[in-house]
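Work through the following exercises with the sequence and the model at hand, and compare each step with the solution that follows it.

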Amino acid sequence: MTEGTTGGCPVLPSHGRMRPLGLAQVSITGGFWGARQAVNATATLAHCESWMERLGWLANFDRVADGTTGPGRPGWPFSDSEVYKLLEALSWEAGRTGDPDAEAAIERLTARVARAQDPDGYINTCFGHGGQQPRYSDLEDGHELYNLGHLLQAAVARLRTSGEDDLVRVARRAADHVCHTFGPDGLTKICGHPEIEVGLAEFGRALGDERYIEQARLFLDRRGHGTLKDIPLGRAYFQDDIPIRQAEVWRGHAVRALYLSAAAVDVAVERGDDELLRAVERQWERSVARRTYITGGMGSRHQDEGFGEDWELPPDRAYCETCAGVASIMVSWRLFLATGDVRYSDLIERTLYNVIAASPSPDGRAFFYANPLHQRTPGRPTDPDEVSPRAEAGVRAAWFDVSCCPTNVARTLAGLQGYLATTDDDGLQIHQYAPGEIRAELPGGRQVAVDVETGYPETGTVRVRVAADTTGPWTLTLRVPAWAAGATLTDEGRTREVAPGTAEITRTFRAGDVIVLDLPMEPRFTWPDPRIDAVRGCVAVERGPEVLCVESHDLPGAAGLDALVIDPSPGLRAEPGGARGRALLPAQPDRSWPYPVRHPAHPAAPAGDAGWFDVPLRPYHSWARRGPSGMRVWLPVSTPR
Ligand SMILES: [Zn+2]
């Protein structure tokens, strides 16, 4: 397969259960994600570039090129990676729309990056030049290989949407430098932050160059043996405590664990290494079952931006870095392509709507970094002209001191249609629902063309309209989300119930045929496993793929949320885009010691309807859009009087 026919897939395994469709085959023409792609294109990309210019992160490349490096370099050692992630986002955007502004930005940024590359392919603005620490002298914290991994991912986006250009040539020299320096005869070291592995593996696929995939495997197998120095947080922080093949669960820094697992799936698939694939599946299963928030968010510890123990999922201390959401989607998509198991697509949907969509503000110029499920005190408004020093401020910020999340959101949104649909030997599968067009080729050269019409997730009706005749039968497969019990499928005038999983229709389709999937969008209560003790006795409300929340804006007198209780017995009332539930704000006396000997909940609940009110529940992804607010997803259930 040549790159020119792949149409721009972020991930393109050489084989697997499913074949992804890329930007040339799938378009999003509007709706929930179309609107976000448009804001990303018209606001976020330029926003990111202007901040990096302003903070000197771009000029760092100029200083290397001009030989003027020295003390006082602005930015963290990983700031180069933000430039590369922006280049990746711009590449998907240019590939998606042909936008000349995106194209010009790619050329502008590539020229500055290229000038900073050393003759042997090394490229970094923090190490290895005048007045700086030597190359690879701080692999634990230096992020040199991490940065290069993002350069390679940017080059993959460019290769698959445009072809070989200066960015790809820079990346190729950098990848060759890495193989030369860290290959079988080189330094037997690894980077503290995984990312080079996933970059090398995909770059190897994109160029058909096995050496890069082999280097990714080498890095993977070196990790877990105490290759890095021990640190106060322990080697689990960078997954150097246990070899990935032996690990049972994700632990340590969430983004690191997930980028590493994404690479492990790539290597496993390319090498037919089933042991490695099973290891990642096993870690996904336990981590999703015991270490993942209802939003799909991952990471419950602030001190190391990391996973907690099993069941350690406090809503107010949820870290759930936006980047961990991006990385979780990277892992799940790879596992899905390898196995065809829709549980991975279910988690992708959950994470898209409740982590990725939550991060950017409507204008695309401010972002959540951490995504807690409970904000006790409204955050303080941020200055759109200032860098936020805090990742967990409870408000979206224009930019952060550590600003990994905005560019990660940007690259994910720009290439989002690369995660929507696949083909296999039998036909076409649609996994995520957005209005758009799909034009794909089945084995044997048969062309299939369908248009998707939907207001999802505002409505649950998904119409798939066949846009062209196809010779002979093929199978259309639609994912039925795990939450969608009672969904129906209508085809040729007949309606049948379809269970969560997938719904298939095999026949000879004609242009104009319409298949309708109806997903139940009534709001529903969701209960936590009792072992998640931080939310024991609470209930959440979901509607379709969206987790809902209560915000202090919607309480009488903008009261605090601390005492809020909900009575699930009357059920929920559907509202456009949300729900209403029966709630109470029981008065709690101030106590000098907050542990009375008598159960404190009972006397506060009044009889009858006194004090009860209808509380609005709105999509979590939209919280704090009306200004800083208190918020909670998990709602304590009222105790009967
Ligand atoms: Zn981040």
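Rings of Phe, Tyr and Trp (its six-membered ring) are paired if their centres lie within 6.5 Å, and a pair is stacked with planes under 30 degrees apart, edge-to-face over 60 and tilted for the rest. The model is predicted, so that local features need pLDDT of at least 70 and side-chain atom pairs count only at pLDDT 80 or more, while totals for chains, interfaces and linings use all residues. Residues are numbered from 1 along each chain as its sequence is written, and side-chain values use heavy atoms, with hydrogens and water left out.

**Exercise 1. Describe an aromatic cluster and a charge beside it.**

Step one is to list the members: Phe32, Trp33, Tyr353, Tyr433 and Tyr456 form one aromatic cluster. Step two is to look for a charge over a ring, a term that requires NZ of Lys or CZ of Arg within 6 Å of the ring centre and within 35 degrees of the ring normal. The charged end of Arg36 meets this for Phe32, at 3.6 Å from the centre of the ring. Step three follows the chain onward from Tyr456, where the peptide bond to Pro457 is cis, with omega near 5 degrees. Most peptide bonds are trans.

**Exercise 2. Characterise the zinc site.**

Begin with the donors, which are N, O and S atoms within 2.8 Å of the metal (3.2 Å for Na, K and Ca); water is not among the atoms, so sites may look incomplete. For the zinc ion, the protein donors are Glu321 (OE), Cys323 (SG), Cys404 (SG) and Cys405 (SG), at 2.1 to 2.3 Å, and their spacing along the chain is E-x1-C-x80-C-C. Next, examine the angles: among the 4 donor atoms they run from 91 to 121 degrees, and the site is tetrahedral, a label given to four donors if all angles lie between 85 and 135 degrees.

**Exercise 3. Why does Arg334 count as buried, and what surrounds it?**

Buried means under 20% relative accessible area, exposed over 50% and partly exposed in between (1.4 Å probe, protein chains only). Arg334 counts as buried because its relative accessibility is 4%. A polar atom of the Arg334 side chain lies 3.0 Å from the backbone oxygen of Met330. Finally, with neighbours within four places in sequence set aside, Arg334 is in contact (heavy atoms within 4.5 Å) with Val11, Val198, Glu202, Ala262, Val265 and Asp266.

Note on methods
Four donors count as tetrahedral if all angles lie between 85 and 135 degrees; four count as square planar and six as octahedral if opposite donors are over 155 degrees apart and all others between 65 and 115; anything else is irregular. A polar contact is a pair of N or O atoms within 3.5 Å; within protein, one must be able to donate a hydrogen and the other to accept it, and residues adjacent in sequence count only if both atoms are side-chain atoms.
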